[in-house]
Amino acid sequence: MIIRRMIFEDYEQVETLFKKLHTIHVNADPDLYKPLDCIHKKRDFKKLVNSKNKILLCAEENGRIIGISDTKFCTSGMTEIKMAFMDALYVEDDFRGKGIGKKLFYETEKIAKENGAKRLDLTVWEFNKDAISFYKSLGMQPQRYTFEKDL
């Protein structure tokens, strides 16, 4: 298994994984997420993999992409420090518990540091208890809480 940067030719496989990740959110919170036929259009994906503002990684085993991560560079609102924000991290169900998510996370962290990021942030939904435990095991700490109330 290798961790590498995504390339345009990965489109079909990674789009499938992005859809699976999106479906988890649709099923857990259909008021906020709706099913989508396409997460990234091919032409948009081409721009993303060539962007210097993104860290797009995949885990590949025997030609099959089994995990993905999507991180962007940004700045904090008040202090203007460079930071990285992880928008997505997903590993195929059959491959979970084998350290693949950790490898994707640590490689993202390494690249972010090399590019001058001072912190790595992400958002995880309350329903996703496994992800919360996973991120805490990697040394991440809760930063804030977002509350909601149906009216």
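Q: Buried means under 20% relative accessible area, exposed over 50%, and partly exposed in between (1.4 Å probe, protein chains only). On that scale, is Glu114 buried or exposed?
A: Glu114 is exposed, because its relative accessible area is 57%. This is a predicted model, where local features need pLDDT of at least 70 and side-chain atom pairs count only at pLDDT 80 or more, while totals for chains, interfaces and linings use all residues. Residues are numbered from 1 along each chain as its sequence is written, and side-chain values use heavy atoms, leaving out hydrogens and water.

Q: OK. Which residue does Glu114 form a salt bridge with?
A: Its partner is Lys110, with the closest N and O atoms 3.9 Å apart. A salt bridge here is a side-chain nitrogen of Lys or Arg within 4 Å of a carboxyl oxygen of Asp or Glu.

Q: Where do Glu114 and Lys110 sit?
A: Both are in helix α3 (residues 100-114), and because they are 4 residues apart, about one helical turn separates them. Helices (H or I, at least four residues) and strands (E, at least two) are DSSP runs, numbered from the N terminus. Lys110 is partly exposed, at 41% relative accessible area.

Q: Which residues do shared salt bridges join into one network?
A: Lys54, Asp70, Lys72 and Asp87 are joined that way, through salt bridges that share partners.

Q: How many salt bridges are there in the whole structure?
A: A search of the whole structure gives 13. Among them, Arg96 and Asp93 meet through their side chains at 3.1 Å, N to O. Arg96 is partly exposed at 42%, and Asp93 is exposed at 51%.

Q: And what does Asp10 meet in a salt bridge?
A: The side chain of Arg4, at 2.8 Å from N to O. Asp10 counts as buried, since its relative accessible area is 6%.

Q: Switching to the sheet: what is the strand order?
A: It is an open sheet of 5 strands in the order β1-β2-β3-β4-β5, with mixed pairing. Two strands pair if DSSP finds at least two bridges between them. β1 (2-5) and β5 (120-122) are at the edges with a single partner strand each, so one side of each has no neighbour in the sheet.

Q: How many bridges join β1 and β2?
A: There are 4, and β1 pairs with β2 (residues 54-61) in the antiparallel sense. Arg4 has Cys58 in β2 as its bridge partner.

Q: Is Cys58 buried or exposed?
A: Buried, because its relative accessibility is 0%.

Q: How many disulfides are there?
A: The search of the whole structure finds 0, a disulfide being a pair of cysteine sulfur atoms within 2.5 Å. For Cys58, the nearest cysteine sulfur is that of Cys38, 18 Å away.
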